[in-house]
Amino acid sequence: MSETFHHRPTLKQTNKPFKSRHATKASIKERSKGRISGQATKMMHASNASAQSKINRRNHAKQIQLQKRQSLLASIRIFGGVDGAPRIVAVIPLCEDVSSRSAVSTLSNSLALPTQIDQEPVWKIKVERFKTSLQFIQLAYGDFYAALDACKVADYVVFVLSPAVEVSAWGETVLRTLQTQGLPDVVSVVAPGHSIDSKARSGVLKSLLSFMQYFFPEQSRVFDLNAFSDQLSAVRVLSEGKPRDVRWREGRSWLLAESVEWMDGNLAVTGVVRGTKLSPNRLVHLPNHGDFQVLRISSPSLGNVCTDSAAMAVEPTVLSEPDPDDADSLVSSNDPDDMQNEQTWPTEEEMQDDGSSRKLTEDSQLPEAEPGTTPRAVRRVPKGTSEYQAAWIIDEDDDEGGEDKRDSDDDAQYENTEEIVEVPVHLEHEMDEVETYHGKDVVFQDLEEEEENKQLESWRGRQREEREDREFPDEVDTPRDVPARIRFQRYRGMRSFRTSPWDPYESLPRDYARIFQFEDFKRTERAVRRRAEEEGGAIPAGTRVTVYLKDAPRDAAERSAGRPLIAFSLLQHEHKKSVVHFAVQRNTEYEDPVRSKDPLILCVGPRRLRVKPIYSQYAQSGARGVNNVHKFERYLRHGDAYVATIYAPILFGYQPCALLRETPSANTPSLVAMGSLLNPDPTRINAKRIILSGHPFKIHKKTATVRYMFFNSEDVLYYRPIQLYTKYGRTGHIRESLGTHGYFKAHFDAPITQMDTVCMSLYKRIYPKWSELLVEEADNSRISDAMEE
């Protein structure tokens with residue numbers, strides 16, 4: 001039988017199964033076996049589905065593009081129109097041989113505009129070619145804080161470089177600090193007037209571009225103001241496009257003063273409102289001067305406006321006034337009442353005291369001393385010294401921290417060298433014309449060899465202390481002349497650093513009665529921003545106004561040349577002081593030791609404060625203990641993040657910060673650390689740890705005799721409840737005291753070795769020092785000379 005091969009038909013017919021129309025519900029339920037039939041989806045052909053998906057994607061992309069375009073137009077609408085707000089451009093020279101004024105003059109000459117005649121730091125020009133206006137802030141070289149203030153309100157920052165001189169240390173510090181503070185768009189230019197060889201021009205521009213890209217990687221070009229094409233290109237970059245937003249300025253309003261006038265105890269600041277709406281109910285902060293209330297906001301006086309009919313004067317009109325019920329007050333801290341503290345019953349001695357020693361009242365005066373009864377002040381000087389020479393000799397008693405022992409040693413040294421005589425000191429001096437030096441002047445003083453050696457030893461001592469604290473952190477020696485229970489009476493023991501309870505309101509200092517605390521800080525911030533958006537009577541951004549500040553100082557109007565005046569509007573509650581924490585990291589280029597409570601300058605938001613921060617470990621939310629206790633750090637070290645705690649006005653939102661240290665030159669501070677705002681939290685506990693160490697004298701398995709941790713038996717019994725531990729990871733407790741010299745017997749959870757060290761950790765809470773506003777005086781002579789170049 002022959003085998004045949006059959007091909008499968010291409011079309012296989014399948015008949016539809018029979019379905020009865022008259023099936024009952026019970027039969028259908030029986031047939032479904034509990035299954036629920038879903039609604040049939042509409043099938044779409046593959047090509048049709050692909051076309052529909054392509055249309056949807058194209059429509060979605062078009063909608064996104066339209067939203068971006070509308071957002072861009074809304075952001076630059078403030079600069080358009082006849083009365084549009086000018087684009088603020090801060091011009092900062094980074095070298096000594098360049099000038100901001102020459103760079104601005106070159107840019108204006110490229111547009112065929114006249115140069116500036118007066119010496120004002122703020123100059124506005126109308127750029128008809130690009131249908132906008134530019135407002136330049138011309139800064140002098142070396143004015144550090146003026147550069148920081150100008151960049152806080154600027155839309156663009158122009159850095160003027162030199163093709164022949166490298167950027168100075170001051171210029172690098174400015175770049176580092178501005179990088180920390182947050183900058184808008186940056187434009188780098190080469191100063192005009194410096195001839196560059198055509199062959200070396202390309203290499204010089206590449207070198208300068210590489211330097212600027214180290215600080216601002218988005219930089220793609222350095223404009224040479226010696227070339228006319230680059231001049232127009234630089235002006236086009238400043239006049240077109242949308243300025244980059246600075247994050248910490250979101251939700252805030254500010255104003256660059258075009259004119260300042262002091263009248264009747266109030267300060268009138270005229271300028272264009274930028275950012276968000278300006279509310280008259282909120283306080284206004286002026287750098288170097290403080291916070292002030294708004295008296296009213298009015299339209300600026302336009303002088304005589306010529307019309308076809310006649311010349312009329314446009315008088316200012318009041319645009320907005322503060323609401324007495326909603327306006328913020330200048331109260332920044334509470335006034336604690338000592339009578340509300342805990343009162344104790346007076347002792348018998350205090351009750352028997354008739355108060356004769358306190359009978360002098362404020363109205364009473366002390367009787368004048370009889371002639372000859374006032375002790376004569378004398379100064380011990382070498383024999384042969386005249387009265388004039390003796391007046392220049394500084395007594396050791398006048399120095400801070402002087403001790404009797406040091407004075408006695410000095411007297412003995414004088415007696416061994418030469419004869420000493422006593423010279424009377426005149427208590428009344430006629431003050432004639434005396435030449436004084438300003439705090440900004442750097443005056444060199446050649447110190448004596450002894451004083452030079454003393455300062456050298458002090459500097460080496462700080463280096464040595466930091467090195468020892470890094471190698472043996474928190475370890476201290478128990479004093480032998482003072483009992484440990486008295487010397488460390490403010491310290492306590494903790495079984496667990498993360499879980500042991502610690503009341504945050506226990507034994508608080510007096511400064512804690514002056515600060516404010518929020519029940520829920522995040523909820524308060526959301527409510528403050530919501531009320532700021534919904535507030536009526538606020539002046540919209542882009543409006544030119546005159547803000548009258550109540551009780552402002554007169555020296556704010558008499559600002560020095562080269563220093564622009566800026567005004568920042570604060571949010572509600574931002575004037576109140578609290579315990580504020582900042583997450584900071586040390587600058588890698590700063591090498592000197594930084595201890596807790598060292599005086600520094602904090603630059604955050606529109607404020608500059610003199611602070612003495614304390615540092616503690618920075619823990620993420622997952623690593624934070626339930627008791628909110630954090631370990632205090634004596635030094636701010638490289639490589640790790642720390643939390644700096646200070647008393648300061650609260651802040652809302654993301655706020656970058658910079659910690660500066662003053663140098664002999666007031667306008668050249670050193671950048672110590674940078675970071676951002678963490679949160680205001682008075683309940684955070686910064687616990688300072690000390691470790692008392694002892695030596696295992698005798699060891700028997702898990703029991704050891706320990707010495708040199710204490711030096712009397714009373715201290716052993718006092719610290720007996722606190723847990724012990726060793727550097728090799730063993731834990732134990734004190735069993736009993738042995739003898740009278742501080743020996744004790746301890747039992748551990750495992751055998752210890754002779755090489756181990758027995759330790760005990762004690763903790764106490766640390767508080768920061770009160771901060772104050774930094775008032776920085778300008779050096780008028782130096783700035784005026786720089787502006788005339």
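A residue is called buried when its relative accessible area is under 20%, exposed when that is over 50%, and partly exposed in between. Keep those cut-offs handy for this walk through a predicted model.

**Stop 1: a phenylalanine trio**

Start by selecting F518. Its relative accessible area is 22%, so F518 is partly exposed. Now add F521, which comes out at 14% and is therefore buried. Show both side chains and look at how the rings meet: the centres of F518 and F521 are 5.9 Å apart and the planes stand at 65°, so this is an edge-to-face pair.

Stay on F521 and bring in F652. These two rings are stacked, with 5.3 Å from centre to centre and 15° between the planes. Where in the chain do F521 and F652 sit? F521 belongs to helix α13 (residues 521-534), while F652 is in the loop between β26 (641-649) and β27 (656-661). That puts them 131 residues apart, so the pair ties together distant parts of the chain. Is F652 buried or exposed? With a relative accessibility of 0%, F652 is buried.

**Stop 2: more rings**

Next, select Y512, Y647, Y767 and W770 together; they make up one aromatic cluster. Across the model, the count of aromatic pairs is 18.

Two rings also have a charged side chain over the face. Pick W502 and R492: R492 lies over the face of W502, 4.1 Å from the ring centre. Then pick F516 and K576, where K576 sits over the ring face at 5.8 Å from its centre.

**Stop 3: strand β25**

Switch to cartoon view and select residues 629-633, which form strand β25. Five of its five residues are buried, so the rest of the structure largely encloses β25.

Which strands pair with it? On the antiparallel side of the story is β24 (residues 614-617), joined to β25 by two bridges. To see the register, select Y615 and E633: Y615 stands opposite E633 of β25. Strand β29 (residues 685-700) pairs with β25 in the parallel sense, over three bridges. Here, select V629 and its bridge partner in β29, I685.

**Stop 4: helix α1**

Finish towards the start of the chain with helix α1, residues 25-32. How many of its eight residues are buried? The number is zero, so α1 lies largely in the open. Before you leave, click on K33, which follows α1 and has a positive phi, near 55°.

Terms used: Residues are numbered from 1 along each chain as its sequence is written. This is a predicted model: local features need pLDDT of at least 70, side-chain atom pairs count only at pLDDT 80 or more; totals for chains, interfaces and linings use all residues. Side-chain values use heavy atoms; hydrogens and water are left out. Buried means under 20% relative accessible area, exposed over 50%, partly exposed in between (1.4 Å probe, protein chains only). Helices (H or I, at least four residues) and strands (E, at least two) are DSSP runs, numbered from the N terminus. Two strands pair if DSSP finds at least two bridges between them. Rings of Phe, Tyr and Trp (its six-membered ring) pair if their centres lie within 6.5 Å; planes under 30 degrees apart count as stacked, over 60 as edge-to-face and the rest as tilted. A charge sits over a ring if NZ of Lys or CZ of Arg is within 6 Å of the ring centre and within 35 degrees of the ring normal.
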